[in-house]
Amino acid sequence: MKIKKWLFGAVALTVALVGLSACSSSKGNLLNNIKKEGKLTVAVSPDYAPFEFKALVDGKDQVVGSDILLAQAIADKLGVELEVSSMNFDNVLSSLQSGKADIAISGISVTAERKKTFDFSDPYYETENAILVRTGESSSYSSIDSLKGKKVAVLKGSIEEGLAKEQLPDSSIVSLTTMGEAINELKSGQVDAVDLEKPIAQGYVAQNSDITIASAALKVDDGDAKAVALPKGNDELKEKINQVIKELVDNGTYDKYIQQASQYTAIEE
């Protein structure tokens, strides 16, 4: 699979792709450490377009998307460079515990369980759910009940995984490590549907004529939203992040990030 070249307006991204580089941090002093080191290391899972995904920009393989622009805005606010650490989604939050990343921005939904271990910023995007199916079979999936006995793929460790297991007790839930893998299994007939977020679903549909969004969707709790995750006890850093989020949300900039990114989120067939 290849990601189509993504030219995000006139914004030039100078994000460095790195592995799991260690970040020295101690509870409550994370902001000071970030400024001292001169960089903000952000954990992402770059297969969740339009939030974060890989693309060729000026001939270079980069991680781009609306969350990456949010991360860049936070780094700019702190006066440091942005360093993106790529990994599977189910490792994103654990990287904060191990000190391998300073914060995590990867389409992360806030839950009561996650709040026991991590702090979260104010929300920057409200979650919407969607179910992808093969185009020729879309008429067969007009309700949640139509998924009984079907194989439904989800991203491992995601909110959608939990929603699917709760709301589709009679379906076979297939948890996969990347969304690209889930889409491939849908297209090849290995699974019958993929449960994911609506912006991501719209991006895949825009570039893949053989899949479509079903009329049915899972219920999402009111107030379920995306937020930046960070280690507990770093209120000063959280305050800085919230200032950036408030500005981007209030002036509609983050919504513009989503709209622009959605046009370039698909995989070439």
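Buried means under 20% relative accessible area. I'm noting that cut-off before anything else, since I'll lean on it below. Also for the record: this is a predicted model.

**Entry 1: Asn 129**

I started with one residue, Asn 129. Is Asn 129 buried or exposed? Its relative accessibility is 10%, so with the cut-off at under 20% it counts as buried. I then looked up where it sits in the chain, and found it in strand S11, which covers residues 129–134.

Next I asked myself which residues Asn 129 touches, leaving out those up to four places away in sequence. My list reads Glu 160, Leu 163, Asp 195, Leu 196, Lys 198, Ala 217, Leu 218 and Val 220. I picked two of these names for a second look. With Asp 195, Asn 129 makes a side chain to side chain polar contact of 2.9 Å. With Leu 196, the side chain of Asn 129 reaches the backbone oxygen, at 3.5 Å.

One more distance went into the notebook. Ala 216 is 87 residues from Asn 129 in sequence, yet in space the two C-alpha atoms are 9.4 Å apart.

**Entry 2: aromatic rings**

How many aromatic pairs does the structure hold? I got five. I followed two of them.

The first that I wrote down is Phe 51 with Tyr 125. Their ring centres are 5.5 Å apart and the planes stand at 75°, so I noted the pair as edge-to-face. Phe 51 is in the loop between strand S4 (47–48) and strand S5 (52–57), while Tyr 125 is in strand S10 (residues 125–126), so this pair ties together parts that are 74 residues apart in sequence. Both Phe 51 and Tyr 125 are buried.

Then I went on to Tyr 125 with Tyr 254. Here the centres are 6.3 Å apart and the planes are at 55°, so the pair is tilted. Tyr 125 is in strand S10 and Tyr 254 is in helix H10 (residues 253–262), so the parts tied together are 129 residues apart in sequence. I checked accessibility for both: Tyr 125 has a relative accessible area of 11% and is buried, and Tyr 254, at 1%, counts as buried too.

Which residues do the ring pairs link into a cluster? I wrote down Tyr 48, Phe 51, Tyr 124, Tyr 125, Tyr 254 and Tyr 257.

**Entry 3: empty space**

A reminder to myself: rolling a probe the size of a water molecule over the atoms shows where empty space is left.

I found one cavity of 30 Å³ or more. The largest cavity has a volume of about 40 Å³. Its lining includes Tyr 48, Phe 89, Arg 114 and Glu 160. I knew two of those names already: Tyr 48 belongs to the ring cluster, and Glu 160 is on the contact list of Asn 129. Sorted by class, the lining of this cavity has four nonpolar, three polar and four charged residues.

After that I moved to the second largest pocket, whose volume is about 170 Å³. It is lined by 15 residues, and Val 110, Lys 115, Phe 120, Ser 121 and Ala 227 lie nearest its centre. Strand S9 (118–120) and strand S16 (225–226) are the elements that give two or more residues to this lining. Which element gives the most? That is S9, with three residues. By class, I have six nonpolar, two polar and seven charged residues for the lining of this pocket.

Note on methods:
Residues are numbered from 1 along each chain as its sequence is written. This is a predicted model: local features need pLDDT of at least 70, side-chain atom pairs count only at pLDDT 80 or more; totals for chains, interfaces and linings use all residues. Side-chain values use heavy atoms; hydrogens and water are left out. Helices (H or I, at least four residues) and strands (E, at least two) are DSSP runs, numbered from the N terminus. Buried means under 20% relative accessible area, exposed over 50%, partly exposed in between (1.4 Å probe, protein chains only). Contact means heavy atoms within 4.5 Å. A polar contact is a pair of N or O atoms within 3.5 Å; within protein, one must be able to donate a hydrogen and the other to accept it, and residues adjacent in sequence count only if both atoms are side-chain atoms. On a 1 Å grid over the protein atoms alone, a cavity is a set of points where a 1.4 Å probe fits but cannot get out, and a pocket is an open set with protein on both sides within 12 Å along at least five of seven lines; lining residues have an atom within 4 Å of a point. Grid points are joined across faces, edges and corners, and a volume is the space filled by probe spheres set on the points. Ala, Val, Leu, Ile, Met, Phe, Trp, Tyr, Cys and Pro count as nonpolar, Asp, Glu, Lys and Arg as charged, and the others, Gly among them, as polar. Rings of Phe, Tyr and Trp (its six-membered ring) pair if their centres lie within 6.5 Å; planes under 30 degrees apart count as stacked, over 60 as edge-to-face and the rest as tilted.
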